[in-house]
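Student: Please take a close look at one part of this model with me. Start with a single pair of elements, then work outwards from there.

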Amino acid sequence: MSWKHNRGRVKTKAPSNIAWIKYWGKKGLQLPINPSLSMTLDKCHTVTELGFELGSMGDSLTCEFYFHGEKNEKFLPKINTFIDRVRGIYPFLNSANFLEIRSENSFPHSSGIASSASAFCALALALEEIQSKLDGEERDLQRAGQAARLGSGSACRSLSGGFNLWGDLAGELGSDEFAIEMEDVHPVFKSAKNAIFVVNSGEKSVGSTLGHSLMQGHPFARARIEQANKNCVKALSCLRDGDVWELGKIVENEAMSLHALMMTSDPSFILMAPETLELIEMIRTFRESQNIPVFFTLDAGPNPHVLYFEKDKEPVENILFQTMIGRCEKGRVIMDEVGAGAKVLESRFGDSY
Ligand code: PMV
């Protein structure tokens, strides 16, 4: 097959996302065992440049990966697996003989701040941009979502902004293949803030691939699937009605359930740190004493994410955060908020680039 251009280079930017309803456990090829719901972040993002060169159909493909300007071999096996998985979705890859991927992250990777979500979302969007330009068609975000999912499940929830549902919810809403952006969102949630208190930016002891696999045969798997479905239905109605208190309660229940599943799997593992528990206590005490809707969630790592709203910014940031900051590694807090989703920043095609 011959394509419109032989070479090109595209640059994309994709945010991370934080799950309010957690995806934990897979079936088939990166399909979730339960639906999840996330908030797209804004500041935590990956910028990726993807250069490609086409040869003949069946040529072997060499892929080079640079992370923050330095050649990186460590992430290459994961990237190569991803590229092989998406060849059917992006057929230009079957004629490509060279890919150069250059990525930069605005936040620490592999520490449970969902860096694989932004990384694979940025890469999938770059592949989508190339394939659609070579085909002379519009970009297809559902196709990009299916591809992103094959790199890291949660990556499919980063393509669109706002709040995204991934997974089949009682056969009525959502899809296991890709995420969909929720349209019916109360304005209070559009003003949601997410501050990440980095208590440990080091690499986590157990990666999410192993963690997901431990849900197979987990004694609480069935109950978990039921809980996540129920929480998801309730969360969507709170999102629509603006019920911050009820949704906050669900978000905390999901974070605790995720970590409880980790602690009760075989082998069991703990990703929380002593500081994680101290910070959770501070958030709860502040909420109860001040009657301010401020909540926590946790990703697969020890760093609490604080969820609060624009109208409560002043007391939360000036009082609560001042007491919490001393528990963080070098006082590091990443302030974030609801973001707009992934973007193509540049796109150049031709016989040279
Ligand atoms: O997308 P993965 O395979 O890295 O898994 C993400 C799992 C959690 O971050 C713990 C939960 C979620 O839904 O994002």
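Tutor: Start with two helices. H1 passes H2 in a right-handed crossing. Keep in mind that this is a predicted model. H1 covers residues 76-85 and H2 covers residues 115-135. Their axes lie 12 Å apart, and the packing angle is about 40°. An angle under 35 degrees would count as roughly parallel, and 65 to 115 as roughly perpendicular. H1 and H2 are therefore oblique to each other. From H1, the contact uses Lys78, Ile79, Phe82 and Ile83. From H2, it uses Phe120, Leu123, Ala124 and Leu127. Find these residues in the sequence and look at their spacing. An α-helix has 3.6 residues a turn, so residues three or four places apart point the same way.

Now step back to the core around this pair. The largest nonpolar core holds 38 residues. Phe82 and Leu127 are among those with the most contacts inside it, together with Leu50, Val86, Tyr90, Phe92 and Leu93. Several elements give two or more residues to this core. The helices are H1, H2 and H3. The strands are E1 (7-21), E4 (36-54), E5 (62-67) and E7 (96-105). H2 gives the most, with ten residues. There is a general trend behind such a cluster. In soluble globular proteins, nonpolar side chains tend to be buried together.

Which residues does phenylalanine 92 contact, leaving aside its neighbours within four places in sequence? Phenylalanine 92 is in contact with Trp3, Phe52, Leu54, Leu127, Ile130, Gln131 and Leu134. Leu127 is also one of the H2 residues that meet H1. Another core lies apart from this one. That other core has 33 residues, among them Met39, Phe189, Leu239 and Leu247.

H3 also belongs to this picture. It runs over residues 141-151 and is mostly covered, with eight of its eleven residues buried. Those eight are Arg143, Ala144, Gly145, Ala147, Ala148, Arg149, Leu150 and Gly151. The cover includes our first two helices, H1 and H2. It also includes strands E3 (31-32) and E8 (163-166). Look at the start of H3 too. There, a side-chain oxygen of aspartate 140 comes within 3.0 Å of the backbone nitrogen of glutamine 142.

Next, take histidine 45. It is found in strand E4, one of the strands that give residues to the largest core. Is histidine 45 buried or exposed? Its relative accessible area is 18%, and buried means under 20%, so histidine 45 is buried. Its side chain reaches the backbone oxygen of lysine 43 at 2.9 Å. Beyond four places in sequence, histidine 45 touches Lys13, Ala14, Pro15, Ser16, Glu104, Asn105, Ser106, Phe107 and Ser118.

Two loops deserve a check of their backbone angles. Most residues other than glycine have a negative phi, and most peptide bonds are trans. Glutamine 30 has a positive phi of about 60°. It sits in the loop between strand E2 (26-27) and E3, and it is buried, at 6% relative accessible area. Histidine 68 also has a positive phi, near 50°. Its loop lies between E5 and strand E6 (70-71). Histidine 68 is partly exposed, with a relative accessible area of 41%.

Now set a second helix pair beside the first. H6 (residues 221-241) and H7 (residues 244-263) pack at about 155°, with their axes 9 Å apart. That makes H6 roughly antiparallel to H7. H6 passes H7 in a left-handed crossing, whereas H1 passes H2 in a right-handed one. The H6 residues in the contact include Arg224, Ala228, Ala235 and Leu239. Their partners in H7 include Leu247, Ile250, Asn253 and Leu261. Leu239 and Leu247 are also members of the core of 33 residues.

After H7, the chain has a cis peptide bond, from aspartate 266 to proline 267. Proline 267 is in the loop between H7 and helix H8 (274-290). Last comes phenylalanine 295, in strand E11 (residues 295-297). It is buried, with a relative accessible area of 3%. Its contacts beyond four places in sequence include Val244, Trp245, Gly248, Ile283, Arg287 and Leu307.

Definitions and conventions
Residues numbered from 1 in each chain as written. Predicted model: local features only at pLDDT ≥ 70, side-chain atom pairs only at ≥ 80, totals over all residues. Heavy atoms only, no water. Buried < 20%, exposed > 50% of the residue type's maximum accessible area, 1.4 Å probe, protein only. Helix = DSSP H or I, 4+ residues; strand = E, 2+ residues; numbered from the N terminus. Contact = heavy atoms within 4.5 Å. Polar contact = N/O pair within 3.5 Å; in protein donor to acceptor, adjacent residues only side chain to side chain. Core = buried A, V, L, I, M, F, W, Y, C linked by side-chain atoms within 4.5 Å. Axes fitted to C-alpha atoms, helices over the stretch in contact; angles between N-to-C directions. Parallel < 35°, antiparallel > 145°, perpendicular 65-115°, else oblique. Left-handed = near helix turned anticlockwise from the far one by under 90°.
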